[in-house]
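Reader: I would be grateful for a close account of the salt bridges in this protein. Please state which side chains pair and how accessible they are.

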Amino acid sequence: MNDLNTSFLSSKALPDVQGSDDARSLAIERVGIRGIKHPIHVQSKHGSFPTIARFEMDVALPADQKGTHMSRFVELLQEQQGTFDNQAIVGMAKNMLPLLQAKQGRIQVQYTHFVKKSAPISAVESWMDYDVTYLAEAKEVFDQVVEVDLYLKATVPVMSLCPCSKEISEYGAHNLRSHVTILVKLDADANLGVEELLRIAETEASSELWAILKRPDEKWVTEHAYENPKFVEDLVRDVATRLKHDQRILSLMVEAENFESIHNHSAFARISLP
C-alpha cells in the first residue's frame with residue numbers, strides 16, 4: 001500500500017504555489033532564510049577543524065513571482081562537501097542563482113575560527129577563538145554568467161596600552177582589551193585567508209592575546225605591551241597601512257574599539273579605504 005501511495009503522489013503533479021504569478025507589481029529585494037546552523041570544516045595552518053556556522057541566504061524576487069522556493073536554500077547547503085574557504089562560498093553563490101531561478105542573491109556565513117597558539121615563553125598551547133563572517137553577493141551579468149563580490153570580516157581581540165598614561169605616569173600605565181575589526185572586499189579569485197588578517201591585527205596591537213599564559217608569559221606580555229603603546233587611532237592606522245597596498249584587497253574598513261579600564265565607556269576609531 002505504501003508503494004502504491006508513493007507511486008500515486010509521484011505521478012500526480014502538485015501545484016507550485018511559489019512559482020505562480022503575483023499581480024501586485026512589487027519586486028522584493030531580498031527573500032530567503034536566516035539563522036540556519038550547519039557544521040563546516042575550516043582550514044587553518046594546523047589543519048582543518050570542525051565548527052558551526054550560521055547561514056543567511058537570500059535572492060531578489062521579481063515583481064511577477066509570488067514566492068521563492070525556500071527549501072532549495074537548504075538543499076544547496078546540504079550539498080556542500082569538503083573544506084570551507086573563499087572559493088567554496090563563491091561557488092555556492094554562483095550555484096544558488098540558477099537553482100533559485102534568480103538574477104541576484106547573497107550568502108552570509110558567520111562562524112568561530114580557531115587558531116592553536118603557543119604562549120610566548122612557556123610555549124604552552126591553547127586555542128584562541130575569533131568571530132569571522134563571509135559575505136558573497138552574486139549577480140547575473142548576462143545569460144548564465146554570474147559575477148560574485150566577496151567580503152571577509154574578522155574581529156580580533158588584542159591588548160592595548162595607553163601612550164598618554166605611560167608618558168604622564170611615574171610608573172605603570174593603564175592597559176585594556178581591544179577588538180580590531182577588519183572588513184575587506186576581495187577579488188573573487190583571491191587566496192587571502194582568514195589567518196592573514198588575524199595576524200596583521202595581532203602584530204599591530206600592543207600585544208596579542210592567548211587563552212593560556214603561565215607566569216613567565218604574563219611577565220612577557222606586560223613588558224611587551226609597555227614597550228609598544230598604542231592609541232585606538234594608532235591601531236586603525238597601523239592595520240590599514242598594512243592592508244592598503246595588498247593587490248588582493250579591493251576595499252577595506254578597519255575599526256578598533258578599546259574597552260576602557262579607567263572609564264565607563266569605550267573609545268573607537270574607524271578607517272575606510274576604497
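Author: The following account takes the salt bridges pair by pair. The model is a predicted one, in which local features need pLDDT of at least 70 and side-chain atom pairs count only at pLDDT 80 or more, while totals for chains, interfaces and linings use all residues. Residues are numbered from 1 along each chain as its sequence is written, and side-chain values use heavy atoms, with hydrogens and water left out.

A salt bridge here is a side-chain nitrogen of Lys or Arg within 4 Å of a carboxyl oxygen of Asp or Glu; by this rule there are 16 salt bridges. One of them joins Lys117 to Glu202, at 3.2 Å from N to O. Because Lys117 lies in strand 4 (residues 104-118) and Glu202 in helix 5 (residues 194-204), this pair ties together parts 85 residues apart in sequence. Helices (H or I, at least four residues) and strands (E, at least two) are DSSP runs, numbered from the N terminus. Lys117 is buried, at 7% relative accessible area, and Glu202 is buried as well, at 3%. Buried means under 20% relative accessible area, exposed over 50%, and partly exposed in between (1.4 Å probe, protein chains only).

Asp149 pairs with Lys185, their closest N and O atoms being 3.9 Å apart. Asp149 belongs to strand 6 (residues 145-161) and Lys185 to strand 7 (residues 175-186), so this bridge ties together parts 36 residues apart in sequence. Asp149 is partly exposed at 34%, and Lys185 is partly exposed at 21%.

In the salt bridge between Asp238 and Lys230 (2.9 Å, N to O), Asp238 is partly exposed at 26%, whereas Lys230 is buried at 9%. Finally, salt bridges link Arg34, Glu56, Asp58 and Arg106 in a network.
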